[in-house]
Amino acid sequence: MATKPIKRSWAEPFKIKVVEPLVETTRRHREKAIRAAGYNTFLLASRDVYIDLLTDSGTNAMSDRQWAGMMVGDEAYAGSENFYHLEANVARFYGMPFFVPTHQGRAAEHLISRILIKPGDYIPGNMYFTTTRLHQELAGGTFVDVSIDAAHEPANPHPFKGNVDLDKLAALIRKVGAKKIAYVSMAGTVNMAGGQPFSMENLRQVAALCQKHGIRLWFDATRACENAFFIQEREAGWGRHSIAGILHTMCAYFDGLWVSAKKDLMVNIGGILATRDREVFEKARNLVVVYEGLHTYGGLAGRDMEAMAIGMEEMVAYENIRARVKQVEYCGRQLEKYGVPIVQPIGGHAVFLDAQAMLPHLPREQFPAQTLAAAIYADSGVRSMERGAVSSGRDPRTGKNIYPRLELVRLTFPRRVYTQAHIDVTVESVANVHANRERVRGLKMTYEPQYLRFFQARFEPVAAMRKRRAATARAR
Ligand code: F0G
């Protein structure tokens, strides 16, 4: 009798050696905590959080090899041994001969924006990222979104929503002229689009267009390995190539790149600015001394650079990147079973909840995604993050709120940190909030900082606001 082959699952390519206890809290405790945090999950104390899916940035578990590397940190002010190890690995994995370390990704963004952007320049990119765009604006530039339309449609299952729309890019070049374009910026697994990759073919075409017009092409390689994994899985002709090989091919199209090492590299801190352009490198090597530290440590300890160098060797291992992406996919599939609206396809680093679809009774001015993140925390102590109008901020010229088409909550997975059981608990909490979604009330912003407001803004429930106003009026 022929038997159906038994499905074979993947599993994490590691076992756990050190554990960190988690603390569960009561609903009452959490309601008090989120009120005190101004309904902003960034302002919660970590001790009040049960499962922390705020970000995958710097929250990763390092391997035993990385921890061993920390012990051979060479803490020399200049010429640390670990710098040379890292430099060799930047050349090996990203194919870039010149590099400076920075303390994290935005520091590299600061340097490259200062070096390449003149006031009045434009920087087209496959959707904005918060810190990237701010540094471009602070340098006097204007970011222009040239991502494909599908990237802005949560339910659209396009396999490469990180692609650049070549017509939009060509139109911008015609409109402002190639000289006014500081560089084209392309990010791997585009964060704000829901962790969506670009295809190798799209990259090839963008590079050809840039070359034709003499425009530089730079890479936000923060989550480049996830992008490489998706190319391997989804793009014809790449299935037999290694992650390292795909990464190398991708990087070959770019003039330079920056990396927040706190993601792909599975460390807690660090950044990279690397290029094949000697002139840009000379400027970066000089500027890094002003803002970060000497060019052989860039604001990092020697041990941090060693952990980065080893993390780079681990990030391209197929088993690691598969477990990482498939864990995120598992979470998304479970949420789908409960009918929770999520961005399709499921992203590389996070599952993005479609807050507008989930809370259609809330107007955009009441920040549905911010509200949803607070409600999930109150339900279970799971911490997520708003990625919608609060993150998007204001138009620097008009001062008006920007309401992006995507109003999302991000459940982001630190690498090698949580188990499938943690995901099940998370999914059940989101499903519970979804089942009771009509009861969720909106928020009003009561405090707004000048830059990157999502980090520190404060909110109050709309109903509470009305009550307080009425009480003040009565007191008068
Ligand atoms: N580029 C991308 C695509 C990012 O996601 C981040 C950070 C940065 C640059 C900046 O790097 O944080 O090291 O200064 N993203 C984090 C997140 C904060 O939660 O997505 P950084």
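Modeller: Let us begin with the term we shall need most: a polar contact is a pair of N or O atoms within 3.5 Å, where, within protein, one atom must be able to donate a hydrogen and the other to accept it, and residues adjacent in sequence count only if both atoms are side-chain atoms. The model is a predicted one, so local features need pLDDT of at least 70 and side-chain atom pairs count only at pLDDT 80 or more, while totals for chains, interfaces and linings use all residues. Residues are numbered from 1 along each chain as its sequence is written, and side-chain values use heavy atoms, with hydrogens and water left out.

Colleague: How many residues surround the ligand, and which are the closest?

Modeller: A residue belongs near a molecule if one of its heavy atoms lies within 4 Å of it. Here 17 residues surround the ligand, and the closest are T55, R106, D220, S260 and K263. Sorted by type (Ala, Val, Leu, Ile, Met, Phe, Trp, Tyr, Cys and Pro as nonpolar, Asp, Glu, Lys and Arg as charged, and the others, Gly among them, as polar), this shell divides into two nonpolar, eight polar and seven charged residues. Helix 4, residues 105-116, gives the most to the shell, with three residues; helices (H or I, at least four residues) and strands (E, at least two) are DSSP runs numbered from the N terminus.

Colleague: Which atoms of Q104, G105 and D220 lie at short range from the ligand, and what are the distances?

Modeller: A polar side-chain atom of Q104 is placed 2.8 Å from an oxygen atom of the ligand, and a backbone N or O atom of G105 is likewise 2.8 Å from a ligand oxygen. For D220, a polar side-chain atom sits 2.7 Å from a nitrogen atom of the ligand. The ligand taken alone exposes 470 Å², of which the protein buries 96%, the areas coming from the Shrake-Rupley method with a 1.4 Å probe and, for residues, with only the protein chains shown counting as cover.

Colleague: Which residues have the most contacts inside the largest nonpolar core?

Modeller: A nonpolar core is a set of buried Ala, Val, Leu, Ile, Met, Phe, Trp, Tyr and Cys residues joined through side-chain atoms within 4.5 Å, where buried means under 20% relative accessible area, exposed over 50%, and partly exposed in between, with a 1.4 Å probe and protein chains only. The largest such core has 63 residues, and those with the most contacts inside it are Y94, M250, L257, L265, I272 and M315. Taking contact as heavy atoms within 4.5 Å, and leaving aside neighbours within four places in sequence, I272 is in contact with residues including V90, F99, L257, W258, L265, M308 and M312. A second, separate core of 30 residues includes L53, I376, V409 and V440.

Colleague: Is R324 buried or exposed, and what does its side chain meet?

Modeller: R324, found in helix 12 (residues 318-337), is buried, because its relative accessible area is 5%. Its side chain makes a polar contact of 2.7 Å with the side chain of E226, and, not counting residues up to four places away in sequence, R324 touches D56, E226, G348, H349, F413, P414 and R415.

Colleague: Where is E448 placed, and which residues is E448 in contact with?

Modeller: E448 lies in the loop between strand 13 (443-447) and strand 14 (458-461), and it counts as partly exposed because its relative accessibility is 31%. Beyond its neighbours within four places in sequence, E448 is in contact with R394 and R453; its side chain is joined to that of R394 by a polar contact of 2.8 Å, and to that of R453 by one of 3.0 Å.

Colleague: What is to be read from the backbone at Y39, L452 and P345?

Modeller: Y39, in the loop between helix 1 (27-36) and strand 1 (51-52), has a phi near 55°, a positive value in a residue other than glycine, and Y39 is buried at a relative accessible area of 15%. L452 also has a positive phi, of about 40°, although it is not a glycine; L452 is in the loop between strand 13 and strand 14 and counts as partly exposed at 22% relative accessibility. Finally, a cis peptide bond with omega of about -15° joins Q344 and P345, and P345 lies in the loop between helix 12 and strand 9 (350-354).
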